[in-house]
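Here is a friendly walk through a few parts of this structure. Keep the viewer open and follow along as you read.

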Amino acid sequence: MKLRKQVTVCGGAIFCVAVFSLYLMLDRVQHDPARRQSGGNFPRSQISVLQNRIEQLEQLLEENHQIISHIKDSVMELTDTGAVSPSGHLPFRSANGSWVLPFDGRPTFLAVKPQDCQFAAGSRGQADVQMLDVYSLLKFDNPDGGVWKQGFDITYEPEEWDNEPLQVFVVPHSHNDPGWIKTFDKYFTDQTQHILNNMVVKLAEDPRRKFIWSEISFFSKWWETADIHKQEAMRKLILGGQLEIVTGGWVMTDEANVHYFAMIDQLIEGHQWLERNLGITPRSGWAVDPFGHSATMPYLLKRANLTSMLIQRVHYSIKKHFASTRSLEFMWRQSWDTGSSTDIFCHMMPFYSYDVPHTCGPDPKICCQFDFKRLPGGRINCPWKVPPKTVVEANVAERAHLLLDQYRKKSKLYRSKVLLVPLGDDFRYDKALEWDQQYTNYQKLFDYMNSHPEMHVQAQFGTLSEYFNAVYKAHGAAQGSRPADYPVLSGDFFAYADREDHYWTGYFTSRPFYKSLDRVIESHLRGAEILYSLAVANARHAGMEGRYPVSDYALLVDARRSVGLFQHHDAITGTAKENVVIDYGTKYLVLFNPVEQERLCAVTVLVNTVRVRVLTEDGQTLPVQLSAQWSTASQMSAEATFMVRLPPLGLAVFHLYDSPDSPMTLRSDTLLRVSGRDVTARATDPLPVRSQQSDPQTFYISSQSLTLGFSGTTGLLESIKRKDDPQEVKVQMQFMVYGTRPSKDKSGAYLFLPDGKAKVFSVVVSQMFSCLLEGFDSVSLVYCNKHTVESLQMTNKELAMRMVTDIQSGDVFYTDLNGFQMQPRRHYLKLPLQANFYPMPSQAYIQDSHHRLTLHTAQSLGVTSLESGQLEVIMDRRLMQDDNRGLGQGLKDNKKTANRFRLLLERRSTGNKMMDSATNSFPSILSHMTNAFLNHEVLALPVLPKRRGIPPLQTFAPLKSILPCDFHLLNLRSIQSQQQDPHSPSPYTALILHRLVLDCGLEAQNLGFNCTTTQGQLNVSGLFKNLDLQLLQPMSLTLMHSSTPLANDSSISLDPMEISAFKLKLR
């Protein structure tokens, strides 16, 4: 047998030498200059003969393809008798029978400077109003407040404005949802285009008329369809101050489920469109419809150089409390800010809604009479049965005094004698008639008020920024600065309730399939941005700029806008990442690491054969484990897993092909624990499967660093024991189910109205396996638990996953805000169960003086801690009815969703046993990286080889030096050209960085990558390999405001938690 192999190899070698010699001869003929010069005398008949012979050779090569494949297999069988992995070690089985995969074994180090640990441990700045304290203070009762049902009776003295008249700014607006009941395009066709067309005409009729607009997704679509005359008319209105663009994002983003990458990206897309097409920069934020407000949003607006902002949907009890203390306007400060650099002026609307009945004053019955679209004869009327009246000379005095009374009462809730009165609602002003009704009648009221000095009021139409400017001027404060005696607030405004116990906490989980899909697409978009920017820069450096297909940039712009549109507060209401299937012949697998740190990880691909080999780019054989991929509880196919080390933000190439086994091929053993005697497993030969009757006895899986206990009955996790910790920690996984209340008000897409405490839901894990990585002690990568919960057939049920531990966490737990920062939470018994749920875009944890248990998630879901030591996540919701919040339908379109989590148990060091901060908490470096790896999975790109030869693929490692491990590269975004063609890139790139804060009080073992910190310093010119830095310019977050360029060799500096943007020119 051995002799036959040797003969085969020798014969194959001779064949290869012959073919190669012929290739060299033809190559020499083609490239020899002397022969080229005399080529004109070469007989045409001989050329024809040569062409025929070349074609025959090509055919011969095709016919011998299989022979070459067999030769390669034979060579590999010979060489693999002594094959070893890159580390020089063969895979081996551990004591419990599991395979241990060796890797290159390079030592890693952790070098975090003590100064970079101080921020997490240090004291924070003080705020006058801390939202956690407000929650502790309030009773959250709901007494009848009179005409202002959720508030109180407001009184005033008539002479209060004698010395300083009341300034009233009535701000017309139209809230346009980019997709809700209708699609984005349908809304545009039916309503939005008419609003904007009418705006151009009606605002131009009177220079005193004003309007504000927010959603650039709609505005840009109108602009692209408008003729040059309409565009110029609109530009004139904006530059003349009659129309103000507020916030200026692609959408009015959700603030609960959305990740901060997407929040920033849609804001940049909107602002860049405004700069390119209109040359304007928004100054004020406007968020009337997100269902609760995150502290992340004011920080992002501040970094984008906005000076003021407005919010609306806040719990009615909080609104009442703020109104009673005249704290509805405040400086919103980040809880981790040690100074006041993050402060932004914020206005909170005081009443139930942003519609006209709830914006002129506390009495909706009166305010509705001043919504002139509701005049008798129209489609809508006033629910309070008193309709509006057209303003005429005979009634103008009575109408003006009635309205002024509401204005005065509302102004008593604020600290200045400047009043904001929004005038609009969803998709308002789509008919020319409404423009006339509202503007004509209000102008008559304003003219009357302003011509009667005894009324002590100055009323006019205004924009949002005109209102804010008047407030600053009234207090003698500079724009955006803190007026004297205005409070400073820290915290957020979740959860939102609009009335009674109707908490909008259901939408934190609704349609989880789409929430998961959104996160995957965001990661792909970020990866595409980074690779595109680097590809274009390298093409320029190599002098190949003209050959690079910059037309691809249009696809990138479309992707940005599609992702941006999905962040709308009615859109991100909820895919499973597609597996890469290696299904035939020879393939090259290009792996992209979208994380800015070197990455050691296991890569898994589905295969249609168990004969799989994996080679590195330089031909080294990698250990590959073949495992069962279960389609049902008893049917399986195969998947291949191999360990790789990937460069940061780089590409690595691997060669996969169908080949016989080698010592580097590992076959996993599958133990099928069955409860029924008739259940048998159908295996993919030759993957071994053993069946065993299940029993209630706890069973264990161990690695080098952990021992995990599982229920013998359900297969669910029960305990975690770290090898370096004498204490076993109870971590018991349970599945629970909530019903909805039987009364009239039931749970729906927005509301969570349970019928009581959750009940146990029986679940059996369908697949569980252990990933054992030698020398890699990251707890979060050791335990991989796959389970499928079939909940689609349930009616009016909500499925929850609960972790029950013996961690003494009390009533405190921690959730993230938009993946950007952590927010302490407290469970309050005085609140209904549903009020204690909060959004969890990326992680939540509980802790005591010994341990911290973090649940990392790849999709936004609702989370709570209802008892000490518990974490509970709502996984899916199936509800048969509408919850009367306008959607008009329940949640019946459930899809099977693979919710992805990582569970991280960390031991707190002895030096970290001090009192936990009441307002701040930060993840560890291991937690940060676990989250990054979960949300930015390795992207596997299969590449077929060319017809002849190997594809010109090689490892791409773009970074010359590693980033400090407390720096996150949020994006490397090619900036659009400011010329006429918006779908081509400019020579500039936006580098957006976030400096993370590390809690160093959690013990870090071997991270699997090198971790160093530099006290916030980074040398950008030394960052990118083979690229020259020709410009380094600090910018505002959305690239609209620039600072003086820095020297190209300068180091930039970021403070802890800071997000900064820089304009680069790389070549």
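The notes below visit a sheet, a loop residue, the nonpolar cores and a helix.

**The sheet and its helix**

Keep in mind throughout that this is a predicted model. A good place to begin is an open sheet of five strands, which pair in the antiparallel sense and follow the order 36-35-38-39-42. Its edges are formed by strand 36 (821-826) and strand 42 (901-907), each of which has a pairing partner on one side only. On average, neighbouring strands in this sheet are turned by 20 degrees against each other, direction ignored.

Further into that order, strand 38 (residues 843-847) is joined to strand 39 (residues 851-857) by five bridges, again antiparallel. If you would like one pair to look up, Gln847 has Arg852 of strand 39 as its bridge partner. Helix 19 (residues 925-935) packs on the sheet, where it touches strand 38, strand 39 and strand 42. The direction of helix 19 makes about 170 degrees with that of strand 42.

**A buried threonine in a loop**

Next, find Thr740 in the loop that runs between strand 30 (728-739) and strand 31 (759-760). Is Thr740 buried or exposed? Its relative accessible area is 11%, and buried means under 20%, so Thr740 counts as buried. The side chain of Thr740 also makes polar contacts with backbone atoms, listed here:

| Backbone atom | Distance from the Thr740 side chain |
|---|---|
| Nitrogen of Ser747 | 2.8 Å |
| Oxygen of Leu753 | 3.2 Å |

Leaving aside residues up to four places away in sequence, Thr740 touches Lys746, Ser747, Leu753, Pro754, Asp755, Asn796 and Gln881.

**The nonpolar cores**

In soluble globular proteins, nonpolar side chains tend to be buried together. The largest nonpolar core here has 114 residues, and those touching the most other members are Phe322, Trp332, Phe493 and Ile1059. Helix 10 (residues 260-277) is the biggest contributor to this core, giving seven residues. There is also a second, separate core of 60 residues, with Met234, Cys367, Phe372 and Tyr439 among them.

**An enclosed helix**

Finally, turn to helix 11 (residues 296-303). Why is helix 11 described as largely enclosed by the rest of the structure? Six of its eight residues are buried, which is the reason for that description. The buried residues are Thr296, Met297, Pro298, Tyr299, Leu300 and Leu301. After helix 11 comes Asn305, which has a positive phi near 75 degrees.

Notes. Residues numbered from 1 in each chain as written. Predicted model: local features only at pLDDT ≥ 70, side-chain atom pairs only at ≥ 80, totals over all residues. Heavy atoms only, no water. Pairing = 2+ DSSP bridges. Helix = DSSP H or I, 4+ residues; strand = E, 2+ residues; numbered from the N terminus. Axes fitted to C-alpha atoms, helices over the stretch in contact; angles between N-to-C directions. Contact = heavy atoms within 4.5 Å. Buried < 20%, exposed > 50% of the residue type's maximum accessible area, 1.4 Å probe, protein only. Polar contact = N/O pair within 3.5 Å; in protein donor to acceptor, adjacent residues only side chain to side chain. Core = buried A, V, L, I, M, F, W, Y, C linked by side-chain atoms within 4.5 Å.
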